[in-house]
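User: Pick one part of this model and take me through it closely. I'd like to hear what it is built from, what it sits against and how it ties in with the rest of the chain.

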Amino acid sequence: MAGGDEEVLRPDWLSKTLAGVLLGLVLAFGVSGLLSLALAPMATSPRNQLVMWSVVPVWMGVVGGCFCFRTGPRAWLWLGGAAVLTWGTFLLLRNP
């Protein structure tokens with residue numbers, strides 16, 4: 001390997017992992033809420049199943065993608081912003 005001063009494992013992997021797990025779950029629930037609103041004309045039983053099972057793929061996608069951020073604080077910032085934006089959109093669009 002040329003340039004032996006590269007780090008194999010960055011020291012902020014724990015911060016990125018926690019951001020992906022915690023904020024990823026919040027984001028996945030928000031996305032499932034938006035999906036529920038988008039599928040409102042669908043019959044209740046299949047819609048509920050689809051919305052329920054959509055949480056895990058979204059959550060795991062966020063957890064897997066959280067390691068693409070350069071630093072842990074950047075992961076917290078971007079995922080937190082995405083979660084706030086998702087939940088804000090959901091709260092604005094739902095019926096009172």
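Analyst: Let's start with the vocabulary: a residue is buried under 20% relative accessible area, exposed over 50%, and partly exposed in between, using a 1.4 Å probe and protein chains only. This is a predicted model, so local features need pLDDT of at least 70 and side-chain atom pairs count only at pLDDT 80 or more, while totals for chains, interfaces and linings use all residues. Residues are numbered from 1 along each chain as its sequence is written, and side-chain values use heavy atoms, with hydrogens and water left out.

I'll go for α3, but first the setting. The chain has 3 helices and 0 strands, running α-α-α from the N terminus on (helices are DSSP runs of H or I with at least four residues, strands are E runs with at least two, and numbering starts at the N terminus). Of its 96 residues, 26% are buried. Among contacts with a separation of 6 or more, 77% are between residues 24 or more positions apart, where contact means heavy atoms within 4.5 Å.

Now for α3 itself. Its 22 residues should span 32 Å at 1.5 Å a residue, and the end C-alpha atoms are 31 Å apart, which agrees (the expected span is 1.5 Å times one less than the number of residues). At the N-terminal end, Thr71 acts as the cap: one of its side-chain oxygens lies 3.3 Å from the backbone nitrogen of Arg74. That pair is judged by the polar-contact rule, which takes N or O atoms within 3.5 Å, one able to donate a hydrogen and the other to accept it, with sequence neighbours counting only if both atoms are side-chain atoms.

The buried set of α3 is Gly72, Ala75, Leu79, Gly80, Ala83, Thr86 and Phe90. Looking down the axis, these residues fall within an arc of 130 degrees, so they line one face of the helix (the arc is taken over the directions from the helix axis to the C-beta atoms). The general background is that an α-helix has 3.6 residues a turn, so residues three or four places apart point the same way. What does the face turned away from the buried side carry? It has the exposed residues Pro73, Leu77, Trp78, Val84, Leu85 and Leu92.

And what does the buried side sit against? Those residues pack against α1 and α2. Seen from the partner helix, the buried residues of α2 (44-65) pack against α1 (13-38) and α3 (72-93), and they are Arg47, Val51, Ser54, Val55, Val62 and Val63.

Two residues of α3 are worth zooming in on. Leu79 touches Ala19, Gly20, Leu23, Val62, Cys66 and Phe69, once residues up to four places away in sequence are set aside. Gly80, also in α3, counts as buried at 17% relative accessibility. Its contacts beyond four places in sequence are Leu23 and Ala75. Gly80 and Leu22 are 58 residues apart in sequence, yet their C-alpha atoms are 9.7 Å apart.

Leu79 also belongs to the largest nonpolar core, which has 8 residues: Ala19, Leu23, Leu27, Val62, Cys66, Ala75, Leu79 and Ala83. Such a core is a set of buried Ala, Val, Leu, Ile, Met, Phe, Trp, Tyr and Cys residues joined through side-chain atoms within 4.5 Å. Both α1 and α3 supply at least two residues each.

One core member, Cys66, deserves a side note. Cys66 is buried, at 0% relative accessibility, whereas Cys68 counts as exposed at 71%. With a disulfide taken as two cysteine sulfurs within 2.5 Å, the count is 0. The sulfur of Cys68 is 8.2 Å from the closest cysteine sulfur, in Cys66, too far for a bond.

Finally, step off the far end of α3. Arg94 is in the segment after this helix and is partly exposed at 42% relative accessible area. Arg94 and Leu34 are 60 residues apart in sequence and 8.7 Å apart in space, C-alpha to C-alpha.
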